[in-house]
Amino acid sequence: YISEASLNTHFMMMLFDSHLQTESSFTHDRKALIEKLRQMKPSSLAMKSEDLISFLQMNAKTKEALPVHVFSSGQWDWPALTEENESWQKTWTWHPSGTGVAVSNFGILAFDAERPIDDPSSLRFLTRLYASEAGTVELQLLQGPDKNLKRIRSVDLEKGVNEVSIFSVAEAESGLWFLELGAQDALLADNTVELYLPAAKEVKVALRSLENKFFYQNVLSSFSHAGMSLALQDKESDLFFLAGDQVDWHSDLADSRGIIINPQGESPYWTGLKEVESSEEEDPIEVQVQVSEHIVARNSELDFIDFSGRKFLQAPKGALVLAKDQDGVPLLYRSDDFWVLNMDPQKSGFFFTPQFPVLIHSLIDEILSVQSLEGELLSLGELVYLDKDVSLISPRQQRLDLKMGDTISLSEPGVYQQLVDSGKQDFLTVALLNEGVSAVNDLITVQDKEKDTRTAGALFWQDFFLYSALVLGLLELVLYHKRWAA
């Protein structure tokens, strides 16, 4: 198409998958354009048409709209791009390629593991699968770089997204695990997922609470998962857990770290604390998440937490506020090495919600820098917030020096290793994990809907000329028959 255009035609090249990005600015250098095309690689990110639609609509609104040509593999159906819309549909042309033949596909949408509290030497694996049609697939669970087979099982799947499948492995070690789906289907990228499980860490917690101390002891004792176990220990503790009426709690907290629930009294971690009046307390609390990319916010669904019993207070200067209410009162924030959770857990019933253990463990993970994405399984293109500096080696052996506070998107599937003093160690894994991509054959409708290479704004006229040609052909046949008969 570029070679056949006139020599004074200028082109801008853009690429889109999960978002739209400019690859080259306007130029009429044919050689440079073609070279740029040859350098492009197929993307493994999920296709999303929102950015492309916005760009096409914006272009159509300009005084001199430029012609836009969209080239795709022909395997994707864009309903929003093909609907009749006179305001912007005449400015672009779609050039699909490929056969558009539908092929069945099965894919892994989620994979995780946990150590049961009653049997910490074993691992329980959870996975969710997608199937374009009902059928039976084989799942293999393998361990370590050598992929030693640990479990193999057949799974019966219904069409669509299936329920979570759970299976256990006794005497399971930490480290690298693989889940492989044995299927000859449309897409190989969603048939394998890697998961890195770091060795469990023991965290010593000192509890300070005059109210509900026995309750907190039991709760903290049960807060164990595959990466961490908590042990109550007053001396030489790793962090403090402070709740309710603390007596001189700040006297032994120099150079310490911890979590404060239901702040009361004076503290270096807030100012201007006062109780909320009963009339004001009846007003519903709107939770406004300030840093949705932060790992605590991503894990804990702060929007669904009831912060009843909050106090009016100001966070110290420089504090990281993750959530505040409609009046600007901080509800969850970090100051130095302490997290402050501004609520009364008894009034809010927070103890009995699923967010309680998730939030507390996320705060402990973060304050000890235990989490820091270590052991995470991320989906391709997912945005993640970095809570500390880290240097990683990508699956293609490229070095990535990442800074605390950055928001990044990892676009290579596989195992990312962290650079440490002793060399390299496994850190996190990335996999496709995308229903929109696994459901590829549900979107292959190019042949079925006869989209070919027609211009969106010219659909009516192409159909008009087609039917006109058919009518003229029929008329010519009738006239020919009459001449032959005569």
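This dialogue works through strands, sheets, a helix and surface features of a predicted model.

Colleague: Let us begin with the sheet that contains β23. In what order do its five strands lie?

Modeller: The order is β23-β29-β28-β25-β26, in an open sheet of mixed pairing. Two strands stand at the edges, β23 (377-379) and β26 (399-402); each has a single partner strand, so one side of each is left without a neighbour in the sheet. On average, neighbouring strands of this sheet are turned by 35 degrees against each other, direction ignored.

Colleague: How many bridges join β23 to β29, and which residue stands opposite L378?

Modeller: Three bridges join β23 to β29 (residues 423-431), and the two strands run parallel. The residue opposite L378 is V430 in β29.

Colleague: What lies beyond β29 in the chain, towards α9?

Modeller: A loop lies between β29 and α9 (435-438), and N434 is placed in it. To class such a residue, one consults its relative accessibility: N434 has 21%, and because buried means under 20%, N434 counts as partly exposed. The C-alpha atom of N434 is separated by 8.7 Å from that of G107, although these residues are 327 residues apart along the chain.

Colleague: I should like to compare that with the sheet containing β7. Which strands form it, and what is the pairing?

Modeller: Four strands form this open sheet, in the order β8-β7-β11-β12, and the pairing is antiparallel. Its edge strands, β8 (148-157) and β12 (192-197), each pair on one side only. From one strand to the next, the twist averages 20 degrees. Within the sheet, β7 (residues 135-143) and β11 (residues 175-182) run antiparallel and are joined by six bridges. One such pairing has L139 with L181 in β11 as its bridge partner.

Colleague: Next, the strand β21. Is it mostly covered or exposed?

Modeller: Strand β21 (residues 330-335) is mostly covered, with six of its six residues buried. It is joined by four bridges to β20 (residues 320-324), and the two run antiparallel. In that pairing, K324 stands opposite P330. Four bridges also join β21 to β22 (residues 338-341), again with the strands running antiparallel. Here R334 stands opposite W339, and Y333 has V340 as its bridge partner.

Colleague: Which residues take a positive phi in the two hairpins?

Modeller: In the hairpin of β20 and β21, with five residues between the strands, G328 takes a positive phi near 85 degrees. In the hairpin of β21 and β22, which has two residues between the strands, the residue is D336, with a positive phi near 55 degrees.

Colleague: How should one read the side chains along a strand such as β22?

Modeller: In a regular strand, side chains alternate between the two faces of the sheet. In β22, F338 and V340 point one way, whereas W339 and L341 point the other way; all of these are buried.

Colleague: Which further strand is joined to β22 by four bridges and runs parallel with it?

Modeller: That strand is β16 (residues 258-261). In this pairing, I261 stands opposite L341.

Colleague: Let us turn to a helix. How does one read the span and the burial of α8?

Modeller: An α-helix has 3.6 residues a turn, so residues three or four places apart point the same way. Helix α8 (residues 355-367) has 13 residues and reaches 18 Å from its first C-alpha to its last, close to the 18 Å expected at 1.5 Å a residue. Eleven of its 13 residues are buried, so α8 is largely enclosed by the rest of the structure. Among the buried residues are Q355, F356, L359, H361, D365 and I367.

Colleague: Finally, the surface. Which residues make the nonpolar patch?

Modeller: M12, F26 and L66 make a nonpolar surface patch of about 280 Å². Of these residues, L66 is found in the loop between α2 (50-61) and β3 (68-72).

Colleague: Why does L66 count as partly exposed?

Modeller: The relative accessibility of L66 is 44%. Since exposed means over 50% and buried under 20%, L66 counts as partly exposed.

Key
Residues are numbered from 1 along each chain as its sequence is written. This is a predicted model: local features need pLDDT of at least 70, side-chain atom pairs count only at pLDDT 80 or more; totals for chains, interfaces and linings use all residues. Side-chain values use heavy atoms; hydrogens and water are left out. Two strands pair if DSSP finds at least two bridges between them. Axes are lines fitted to C-alpha atoms, for helices over the stretch in contact, and angles run from 0 to 180 degrees between N-to-C directions. The expected span of a helix is 1.5 Å times one less than its number of residues. Buried means under 20% relative accessible area, exposed over 50%, partly exposed in between (1.4 Å probe, protein chains only). Patches are made of residues with over 30% relative accessible area and no salt bridge: like charges are joined within 9 Å, nonpolar side chains (Val, Leu, Ile, Met, Phe, Trp, Tyr) within 5 Å. Accessible areas come from the Shrake-Rupley method with a 1.4 Å probe; for residues, only the protein chains shown count as cover. A salt bridge is a side-chain nitrogen of Lys or Arg within 4 Å of a carboxyl oxygen of Asp or Glu.
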